[in-house]
Amino acid sequence: MTGSDKRLTPRLARLALRLYPLPYQRRYGEEMRALLEDSPPRARTFFDLLKGAARAHLRPAEAPAGLIAPAERVRASTSAVLLCWVFFAAAGFGYYKTTEDLPFSAAGHAHPLLRDAHLAVQALALIASATVVLGALPLIVAALARARREPGLRRTVALPFLPVFVFGALTAAVISIAHAQGPNGSGAGSAVAIAWWIAGLACGTTCVLACRAALFATPVAPARLRGALVAGTILTVAMLAIAAATAVYAVALSVDASHLAAETNGPYQLLSVTASLVVMAVVMVGAGVLAAAATMRGWRVESEVA
Amino acid sequence: MRYIGERSTDPGLLVLTSLADSPKHGYAITVDVEEFAGVHLGPGTLYGALARLESRGLIEALPADDRRRPYRLTADGSAALQQELAQLQAVTRQGLDRLRVAEAAR
């Protein structure tokens, strides 16, 4: 392990702690941070924390009760759905890159089920993206308005924009590298693509965590929070529907266009097209299920308050 | 009936066993489990087990010492641990007996 690894891993581990549901963070966060200081985190600690966070979200019955107010729980649920969307979108981008070429369009014209599944994915992705924007907009406006009046809040509210700008700059750099390389990709091109994808996930996760911090720091009217929860519900349904359509597409492709399905795909051509689509569908289902768990928890709180 | 395959390395059972003799905080449990079972419990696994055991009333938290909060077994926790270990002991005895018989027959 290098010196920089040693410095990076504890930071990553502390970041992973923030992925836990809020009741867990309040009840066990300080103890877990102390444990991470006592026992130097290994690389696998990060994955252990990710697994623990996912499990904590999926089993709310085991969560410590009474540690957060209902409005905070709705905020936490909404932020969790947004985080699921980041991971879902990363897999969705993989689907887009896999199926964007001409042979796939041609196969779609020849086979109605392929075409319909592809159209369904595209239409639902548009609905989901619009829902994210429409759901987040009232909260962003409220946070910006508040930050204008309270200078102490400006840094917290501005922070979510930083990873977006960083990712935008990275994307511009990757596009210029891709243009310089030309159409025939190389091993270096694959490495850049993987690095860009990981950077995208990191920026997305950082952005959502920063949004969450801003949302917790900003007083928001209950109606706006309920609106965000409705948007989160629509987004969750769209995510699960896209995952189902992707699975249908993968099956239809391997049946109707087996030559395309068997082609190699992705960075370093490691997987076949079918295997890539299956991996993407699995990630999409996982993100959708986690989002559904968070959404249901949000509505449970809403009904308790009502 | 629970699936028994991973019972001996079930994090909950390991944590209960670690707390059987005295209250311990997270780091002390990790070190203890590593010593007696050769299993490293990551922080996510450890606190997942602590949360489950606490919500089932099998362990309870004691007042925090600095940022480190010790846990101890409750009466229910002791009973549950005793029952689990008795079952494991029965399985262990049975397995060893059968291995001995098979070895003698060879």
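Tyr249(A) is buried (under 20% relative accessible area with a 1.4 Å probe, protein chains only; exposed is over 50%, partly exposed in between), because its relative accessibility is 2%. This is a predicted model, in which local features need pLDDT of at least 70 and side-chain atom pairs count only at pLDDT 80 or more, while totals for chains, interfaces and linings use all residues. Residues are numbered from 1 along each chain as its sequence is written, chains are lettered from A and ligands numbered from 1 in the order in which they are written, and side-chain values use heavy atoms, leaving out hydrogens and water.

Tyr95(A) is likewise buried, at 3% relative accessibility. Tyr95(A) and Tyr249(A) form an edge-to-face aromatic pair, with 5.5 Å between centres and 75 degrees between planes. Rings of Phe, Tyr and Trp (its six-membered ring) pair if their centres lie within 6.5 Å; planes under 30 degrees apart are stacked, over 60 edge-to-face, and the rest tilted.

A second pair joins Tyr20(A) and Tyr24(A), whose centres are 6.1 Å apart; their planes stand at 45 degrees, so the pair is tilted. Tyr20(A), Tyr24(A), Tyr28(A) and Tyr47(B) make up one aromatic cluster.

Tyr47(B) also leads to the interface, where 21 residues of chain B are in contact with 22 residues of chain A (contact means heavy atoms within 4.5 Å). Pro43(B), Tyr47(B) and Arg67(B) supply 35% of the area that chain B buries against chain A (buried area is the accessible area, 1.4 Å probe, that two parts lose on being put together, summed over both). Five salt bridges are found across the interface (a side-chain nitrogen of Lys or Arg within 4 Å of a carboxyl oxygen of Asp or Glu).
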